[in-house]
Amino acid sequence: MKKMLYVAGREFTSTVTTKGFVFGILVTPLLLGLVFFLMPRYLTKAPPKVEGQVVIIDPTGVVAEPLAAHLTPERFAERREKTKRDIENAAPSVFRRQAAALPSGEAAIRQSIDTALGEVPRLQVLPLPGGTRVEPEKEALKMALPKPGSGPAPRLAVIVVQPDAVRPAEGTDTFGSYELFVRNKLDDRLVDDLHSGMRDAIVAARLRESGLDPVRIRNLTSVQRPGSRTVTAEGERTTNSVLNMLLPMAFMILLLMSVLTSGQYLLTSTVEEKSNRVVEVLLSAVSAMELMTGKILGQMAVGLLVLALYAGLGVIALVSFATLGLIDPLLLVFLLIFYVLAYFTFASLMAAVGSAVNEMREAQSLQMPIMMVLMIPWILWLPISREPNSMLAIVLSFVPPLGNFVMLLRMTSQSPPPMWQAWLSIAVGAAGAYASLWFAAKVFRVGMLMYGKPPSFGTLIRWARMS
Amino acid sequence: MGYAIVLKNLKKTFGETVAVRDLDLTVPEGALYGVIGPNGAGKTTMIRMILSILFPDHGELTVLGRPSALEAKDRIGYLPEERGLYKKMRVGEFLVYMARLKGLDGNVSQRVKEWLGRVDLADCEQKRCEDLSKGMQQKVQFVAAVIHRPDLLILDEPFGGLDPVNQRLMRDLVLEEHRRGATVLFSTHIMTHAEQLCDHVVMIHRGEKVLDQTMAGIRETFDPHRILFVPLDPDSDIAKLRAVPGVRAVTPDGSAWDVALDGQAHAASVIPALVMAVTPSRVEIRRPTLEDVFVSIVSGDASTALDDDARLRAALRDGGQEGRR
């Protein structure tokens, strides 16, 4: 037992201290984690205050005024208030519950939205008649910005309305548009505002020109889009389709990634021990079973580290965006259980393959069928997460190597299976893991000292029967 | 005194090939045994069975009083023929790891340092194993085999790939372990090594034991009754030697003559007569070499065709020359 732990310890440290592991597995999530951690903080930093002058050259004479109205600070404030309400409504219900539960949560969210949107810009709209030469007006856009609060307001944009923007030229049906010239590095939210202001102003002008009432037309053409609500036996709740897909996918990727990473490391280290001829030295000190179990345990720790890192990353992301309530902590426990089961099943086979071949190249062909099995959950992901309780899903939950993945998918879906199915799937998964461990132990003992022609899968089975 | 290894009727086959057949062997505690035989004779298979790395098809074995080496692993040191190191691991780390796997507790790294000093690798503790030369790696592997002061030390081809200086060092280390009280069993296909080192020789040929005797016993049994005679004057008359009583035949052997004696004749009485007949520059009683012994045993075997003889000798001598170089 003690020797097994020494083997496991060496396996773990020699894997996690390689450069490949440190960069591939550790640095990437750490960077991502940093981004997740910093992004909300960066977002809440208030954008700079915008103050300045917008010149509009308006040969039609009817566009400048509505644009000026669109760009008053009051209208800005009004629009932002509306955006704010939209954001709040779009957030999943859990998010809002969570926020309400926090002390002054509601206020905090409003505050953060306020700062994210920034202070309302203060703009002067300077209408110039049609026929004004554009080039000199554009010159002012090139001048450096004065220090805030000193000197005249800087020119931010020049808009040139085309003469046929409101009324088509004689004999045609097509309308003209406008041109927009802006200062370098202008906040693109302001650019968006200018575009939408121009669009509204021109449309309103065209409607009036045709004798229609713009307000009435807007009311006639807008239909509010409500969020759909899922009706279940327990009650109704807002459907959040994106989240419904993301959560099972995230869990499955976590599971597959950690199993694949650690399984692959196990294969490599087994092949390495064999091709280095270290194995017989080791076998003089520990039994084949101790060696294999030690290696499997050591790499399981590597997988757990990967799992903990990425799952931890997910949790950090959720905490940062204040949506931790989305995940039931129990699911993380099940993730762990299914990881251990899937890992043991998969890793023992990898150890068996590793012990049978002489070098990595030969391992590829033996490894193929195992990898194919692992790819099945990917293919099944969509049908199962759409219909987590279909016959296919239920049956596959109890097919050993797949059951671990399928059951986790179903449990993270919006209509989780009954608990007895979960436990049964775990029991079947454990039996599968044991069987594959048994098979691997047999093959491992024979394979580790067998050099020469790489065996086929059939040979492996014969070895297992032989010993 | 007990026995360190007892093998009874051991048999192992790999598919069609019989690697070891009906092997009996007893090695007393504290002995220094050499197992010799050409490549593929079954030496490694036997050793692996002694260590319970392979399991015999039938037969019984006892190692250090236990039915399986697995129960006495921590008291056995093993240097396999197929040996290697973790390339990326540091020498010191590797030895500490091996010592721990052999059940050593306490201040292992101190002992590792001592051992590295003894094999002239004191400055290599922090080096990665892949940076060592092959000979240095072999010394590290030897240290890994003996660091836990085993009662039984099994060495499979311990001298392969070593230069003469390191062969001598290895021989001294093995003898030192033997003096400490460890039972030593080593295999080699190079007969000179066995001659120089062991007090008891076991020969294996095609999976069967063909000889199991002490070196002294072998010298006696296989005394060739031959004398090497180098005349001072190369043109001396060979017939004068043939006339000496007790001489069966005289054949030229390069610039020397090979004098074969009658079965009953004693070298002590023949040599003075030979010297009287022709003035020699050198006279020497021929000692049986293990090579001769081996070839004579194998040639006597009906299953071996005689033309195998030369090939066999060549194989053995190749190794022998490598050993003497």
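**Exercise 1. Which residue forms a salt bridge with B:Arg66, and how far apart are the closest N and O atoms?**

Solution. This is a predicted model, so let us work through it one step at a time.
- Step 1: The partner of B:Arg66 is B:Glu71, and the closest N and O atoms are 3.7 Å apart.
- Step 2: A salt bridge needs the nitrogen within 4 Å of the carboxyl oxygen, so this pair qualifies.
- Step 3: Next, look at the surroundings. B:Arg66 has a relative accessible area of 38%, which makes B:Arg66 partly exposed. B:Glu71 is partly exposed too, at 47% relative accessibility.

**Exercise 2. Describe two salt bridges that involve helix 7 of chain A.**

Solution. Take the pairs in turn.
- Step 1: A:Glu137 and A:Arg155 form a salt bridge whose closest N and O atoms are 2.7 Å apart.
- Step 2: Place both residues. A:Glu137 sits in helix 7 (residues 134-142) and A:Arg155 in strand 3 (residues 155-161), so the bridge ties together parts that are 18 residues apart in sequence.
- Step 3: Check the cover. Buried means under 20% relative accessible area. A:Glu137, at 16%, is therefore buried, and A:Arg155, at 13%, is buried as well.
- Step 4: Now the second pair. The side chains of A:Lys142 and A:Glu139 meet in a salt bridge at 3.0 Å, N to O. Both residues belong to helix 7, 3 residues apart, or about one turn of the helix.
- Step 5: Check the cover again. A:Lys142 is exposed, with a relative accessible area of 65%, while A:Glu139 is partly exposed at 43%.

Over all chains, the structure holds 25 salt bridges.

**Exercise 3. Is B:Thr183 buried or exposed, and what does its side chain reach?**

Solution. Begin with the location.
- Step 1: B:Thr183 is part of strand 7 (residues 183-188) of chain B.
- Step 2: Its relative accessible area is 2%, so B:Thr183 counts as buried.
- Step 3: The side chain of B:Thr183 reaches the backbone nitrogen of B:Gly30 at 2.9 Å.
- Step 4: List the company. Setting aside neighbours within four places in sequence, B:Thr183 has contacts that include B:Ala4, B:Val27, B:Pro28, B:Asp151 and B:Leu153.

**Exercise 4. Work out how chain A and chain B meet.**

Solution. Go from the whole interface to its parts.
- Step 1: Count the residues. On the chain A side, 21 residues are in contact with 22 residues of chain B.
- Step 2: Look at the area. The two chains bury about 2300 Å² between them, and 60% of that lies on carbon and sulfur atoms.
- Step 3: Find the charged pairs. There are 3 salt bridges across the interface, and A:Lys3 meets B:Asp74 in a salt bridge at 2.7 Å, N to O.
- Step 4: Ask which elements of chain A take part. Helix 1 (2-16), helix 10 (241-275) and helix 11 (279-283) each supply at least two residues of the side that touches chain B. Helix 1 gives the most, with 5 residues.
- Step 5: Sort that side by class. It has 10 nonpolar, 3 polar and 8 charged residues.

**Exercise 5. How many helices and strands does chain A have, and what percentage of its residues count as buried?**

Solution. Two steps are enough here.
- Step 1: Chain A has 18 helices and 6 strands.
- Step 2: Of its 467 residues, 43% count as buried. The accessible surface of chain A is about 24500 Å², with 65% belonging to carbon and sulfur atoms.

Conventions
Residues numbered from 1 in each chain as written. Chains lettered and ligands numbered in written order. Predicted model: local features only at pLDDT ≥ 70, side-chain atom pairs only at ≥ 80, totals over all residues. Heavy atoms only, no water. Contact = heavy atoms within 4.5 Å. Buried area = accessible area lost by both parts, 1.4 Å probe. Helix = DSSP H or I, 4+ residues; strand = E, 2+ residues; numbered from the N terminus. Nonpolar A, V, L, I, M, F, W, Y, C, P; charged D, E, K, R; others polar. Buried < 20%, exposed > 50% of the residue type's maximum accessible area, 1.4 Å probe, protein only. Areas by Shrake-Rupley, 256 points an atom, 1.4 Å probe, with all protein chains shown as cover. Polar contact = N/O pair within 3.5 Å; in protein donor to acceptor, adjacent residues only side chain to side chain.
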